[in-house]
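Okay, thanks everyone, I'll keep this short. Let me put the structure up and then walk you through it.

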Amino acid sequence: MKPAGLEAPGGQAPPPEDEDRISHLPDAVLGDIISLLPTKEGARTQILATRWRHLWGSSSAPLNLDCNALRRPGGSSDIVESAVSSILSAHPGPGRRFCLDETRRPYPRSDEALADSWLSSPALHNLQHLELRHNYTSSYPSYHRPPPPPPLRATAFRFARTLRVATFGNCTLPSSPPHFPNLKLLTLEKASISDCSLRNMISQCPILECLLLHDVYGIPCARISSQSLKSIGVRFGWFRASKDHRLEELVIEDAPSLEKLLNLNVSYALHVTVVSAPKLEILGYVSDFRFGKTKFVFGSTIIQGLHLHSMAARIWTVKTLAVNMESSRSLNSIIDMLRCFPCLEKLYIKFFMKKEILCRFGSCWLPKKPTLDIPLKLKKIVLDRYQGTYSSGCRGNYSEVEFAKFFVLNATLLESMIFRVEAEQYNKKFFERERMALQYEKRASKAARYHFTTDRRRLREVGEFNHASDLDLTDPFLRRTSSGSFWQLV
């Protein structure tokens with residue numbers, strides 16, 4: 001008698017182990033799988049088997065078309081135009097995702113009607129995900145005022161009622177946008193916006209959850225009020241608008257659902273004022289970078305760089321904090337942050353100066369007797385670009401070891417402490433030296449794990465986030481991959 005677990009429902013024999021079970025799925029299920037694949041991979045499913053041949057170009061597989069994915073280095077623009085037009089004319093719809101970056105396309109700049117004809121195609125009916133970057137060159141010197149970009153294409157508004165994810169780039173946001181009842185993720189990239197257009201855009205998105213402002217300009221102060229927003233990110237990359245037109249201040253007026261507030265910059269002096277965000281849990285980066293210190297204001301509590309100017313009230317909701325440390329390098333500053341955010345459970349610190357610079361310009365890390373008048377609730381600490389005993393020998397008491405040792409000896413609830421080091425420091429001799437210097441045997445939390453890791457290849461950081469979907473992460477400050485070596489103190 002066969003075990004019950006080997007018998008198919010209804011008493012039928014189970015299918016052979018080598019049978020292609022996926023191909024037995026309904027067209028609708030296979031179509032959803034295909035539409036989630038990149039454009040070229042989705043098209044290649046036609047050669048898998050006869051069962052799959054008709055799916056990619058049918059209504060069972062909502063169209064996922066990235067126009068720029070069809071480009072070939074040195075390829076003819078006519079081929080790309082013809083491929084996109086052929087795909088759109090052959091597919092019956094609906095559409096799932098359509099990406100058009102006109103700044104990178106190899107076809108003539110003057111052919112504006114082509115993009116409008118694509119956006120008007122029936123194949124994109126009920127589109128859910130749209131990435132539209134207009135044909136506009138924004139690479140102007142910081143001392144020049146760039147010309148106004150073109151308005152957002154009106155043909156994009158036909159998808160307003162069905163869009164769930166949208167990126168609008170290199171355009172001017174309209175002052176009276178249409179209603180976006182299903183939009184959850186919005187990215188504005190190198191877009192010219194006004195206070196009126198931003199307010200109206202947010203008000204027309206009743207279930208918007210993630211907003212990324214990437215190199216926006218035309219608005220010196222952005223004021224945010226939203227009942228639904230959970231994550232807000234502000235990023236400035238290589239592009240710079242003229243100083244009197246770039247975003248310099250962010251005011252969170254009323255955001256009852258906001259959980260993440262991310263300043264995705266290292267060297268940009270963003271001024272952030274939080275009036276009302278009762279659920280805010282994740283905050284960063286707080287930065288003292290020499291080219292621009294951040295400023296965070298919570299009522300009468302003011303944090304300039306890493307200096308606590310005043311603390312009229314503690315912020316009890318924040319549990320995760322990320323810090324960029326360059327010039328101040330003071331444990332007292334971090335202790336002030338812990339006083340200001342007494343419920344912190346995760347602390348991320350990124351160091352920027354190398355030993356040679358520290359020895360010449362660095363100030364002392366530690367007060368003579370570092371004290372903390374509140375209990376530490378920290379469970380996880382990450383020290384990025386840690387140099388450890390390699391940073392010793394500088395003037396004064398400047399040593400990253402002493403800085404880290406404070407937490408080793410005082411964080412009683414600590415569960416994990418991660419040290420990211422350079423590849424040349426990743427060796428057994430370095431680990432043994434650090435173990436002794438950190439007084440590992442005297443650690444306050446016996447259950448804590450202390451890890452050394454290094455990156456063997458480049459890993460993504462929050463400052464490289466390009467889409468609002470990148471904000472929708474449980475912990476945005478964690479590295480996305482872990483391909484480097486790993487060593488645990490035991």
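**Overall picture, cysteines and one helix**

So, of the 490 residues in the protein chain, 50% count as buried. Keep in mind that this is a predicted model. In terms of secondary structure, the chain has nine helices and 21 strands. Its accessible surface comes to about 22,700 Å², and carbon and sulfur atoms account for 53% of that. On contacts: take those between residues at least 6 apart in sequence, and 69% of them join residues at least 24 apart.

Next, cysteines. How many disulfides does a search of the whole structure find? Zero. Take Cys 99: its closest cysteine sulfur is the one in Cys 67, and at 7.9 Å that's too far for a bond, because a disulfide needs the two sulfur atoms within 2.5 Å. Cys 99 is also buried, at 4% relative accessibility. Cys 221 counts as buried too, with a relative accessible area of 15%.

Last stop, helix α1, which runs over residues 27-35. Which of its residues are buried? Those are Leu 30, Gly 31, Ile 34 and Ser 35. If you look down the axis of α1, these buried residues fall within an arc of 135 degrees, so they line one face of the helix. The general background is that an α-helix has 3.6 residues a turn, so residues three or four places apart point the same way.

And what covers those buried residues of α1? The cover includes helix α2, at 39-44, plus two strands, β1 at 63-66 and β2 at 95-101.

Key: Residues are numbered from 1 along each chain as its sequence is written. This is a predicted model: local features need pLDDT of at least 70, side-chain atom pairs count only at pLDDT 80 or more; totals for chains, interfaces and linings use all residues. Side-chain values use heavy atoms; hydrogens and water are left out. Helices (H or I, at least four residues) and strands (E, at least two) are DSSP runs, numbered from the N terminus. Buried means under 20% relative accessible area, exposed over 50%, partly exposed in between (1.4 Å probe, protein chains only). Contact means heavy atoms within 4.5 Å. Accessible areas come from the Shrake-Rupley method with a 1.4 Å probe; for residues, only the protein chains shown count as cover. The arc is that of the directions from the helix axis to the C-beta atoms.
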